[in-house]
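This report introduces the structure shown below to a reader who has not met it before. It deals with pockets and then with aromatic rings.

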Amino acid sequence: ATPSALEPRPGDIILGDANAKTTVVEYMSLSCTHCAHFHQATLPDIEKEFITPGKVKFILRHFPLNEPAIKGAQLVECAGQNNQDRKNFVKVLLEMQTKWAADQNFLSNLKQIASVGGIDSATFDSCMNDKALETKILASRKEGEEVLKVDSTPYFFINGVKYEGERDVAGFRKALTAAQK
């Protein structure tokens with residue numbers, strides 16, 4: 001049975017049909033280069049083949065590895081609270097990762113990205129200072145670590161089972177095809 005920690009829950013970022021029979025859960029850090037690579041090189045094909053047709057729901061969960069990743073996650077969640085598309089913010093932050101994640105001025109760089117995405121300066125500042133939001137994001141990481149033994153990113157589960165195959169299109173295609181049966 002799927003550990004309850006992997007059940008879809010309110011607040012999850014879900015790509016695809018929430019009722020799809022196969023579920024992938026990804027624990028990711030917005031500052032993780034491997035996560036960015038997966039989202040740019042592999043996920044678009046997986047989306048076309050499995051997610052868009054409704055065969056797979058793909059759940060993104062925050063597992064921040066450092067302070068920039070925590071603040072990036074706060075920006076994503078804040079975007080959602082302000083009627084913006086969180087998936088789009090995840091995508092943009094991963095695409096622009098080299099421009100903010102490893103920079104000591106990551107907050108001002110995130111603020112610029114937020115501004116382009118339609119989040120004004122006051123809203124951004126309020127989000128970055130939202131301790132409850134930070135606590136919620138860190139709780140996601142803690143649960144991943146303690147309950148599911150997540151120890152790196154990206155970390156995937158397919159139908160409740162840790163995915164240990166290749167993180168390329170062929171590896172996921174094989175695993176997702178097997179999971180559909």
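A pocket, as the word is used here, is an open set of grid points where a 1.4 Å probe fits, with protein on both sides within 12 Å along at least five of seven lines. The model is a predicted one.

**Pockets**

The largest pocket holds about 290 Å³ of space. Its lining consists of 16 residues, and His39, Leu43, Glu47, Lys87 and Lys91 are the closest to its centre. Helix H1 (residues 33-51) and helix H3 (86-95) each contribute at least two residues to this lining.

In the second largest pocket there is about 240 Å³ of space. Here 14 residues form the lining, and those nearest the centre are Gly11, Asp12, Arg61, Lys136 and Ser140. Strand E3 (56-62) and helix H7 (131-148) each provide at least two lining residues. H7 accounts for the largest share of the lining, with four residues.

The table sets out the composition of the two linings.

| Pocket | Nonpolar | Polar | Charged |
|---|---|---|---|
| Largest pocket | seven residues | four residues | five residues |
| Second largest pocket | five residues | three residues | six residues |

**Aromatic pairs**

The structure contains 10 aromatic pairs. In one of them, the ring centres of tyrosine 27 and phenylalanine 157 are 6.4 Å apart and the ring planes stand at 80°; the pair is therefore edge-to-face, since planes over 60 degrees apart count as such. This pair joins distant parts of the chain: tyrosine 27 belongs to strand E2 (residues 22-28) and phenylalanine 157 to strand E4 (residues 155-158), 130 residues apart.

Are the two partners buried or exposed? Tyrosine 27 has a relative accessible area of 0% and is therefore buried. Phenylalanine 157, at 5%, is buried as well, because the limit for a buried residue is under 20%.

A further pair is made by phenylalanine 38 and phenylalanine 156, with 4.7 Å from centre to centre and 55° between the planes, and this pair is tilted. Phenylalanine 38 lies in helix H1 and phenylalanine 156 in strand E4, so this pair too links distant parts of the chain, with the two positions 118 residues apart in numbering.Both phenylalanine 38 and phenylalanine 156 are buried. These two residues also belong to one aromatic cluster, which is formed by Phe38, Phe58, Phe156, Tyr163 and Phe172.

Note on methods: Residues are numbered from 1 along each chain as its sequence is written. This is a predicted model: local features need pLDDT of at least 70, side-chain atom pairs count only at pLDDT 80 or more; totals for chains, interfaces and linings use all residues. Side-chain values use heavy atoms; hydrogens and water are left out. Rings of Phe, Tyr and Trp (its six-membered ring) pair if their centres lie within 6.5 Å; planes under 30 degrees apart count as stacked, over 60 as edge-to-face and the rest as tilted. Buried means under 20% relative accessible area, exposed over 50%, partly exposed in between (1.4 Å probe, protein chains only). On a 1 Å grid over the protein atoms alone, a cavity is a set of points where a 1.4 Å probe fits but cannot get out, and a pocket is an open set with protein on both sides within 12 Å along at least five of seven lines; lining residues have an atom within 4 Å of a point. Grid points are joined across faces, edges and corners, and a volume is the space filled by probe spheres set on the points. Ala, Val, Leu, Ile, Met, Phe, Trp, Tyr, Cys and Pro count as nonpolar, Asp, Glu, Lys and Arg as charged, and the others, Gly among them, as polar.
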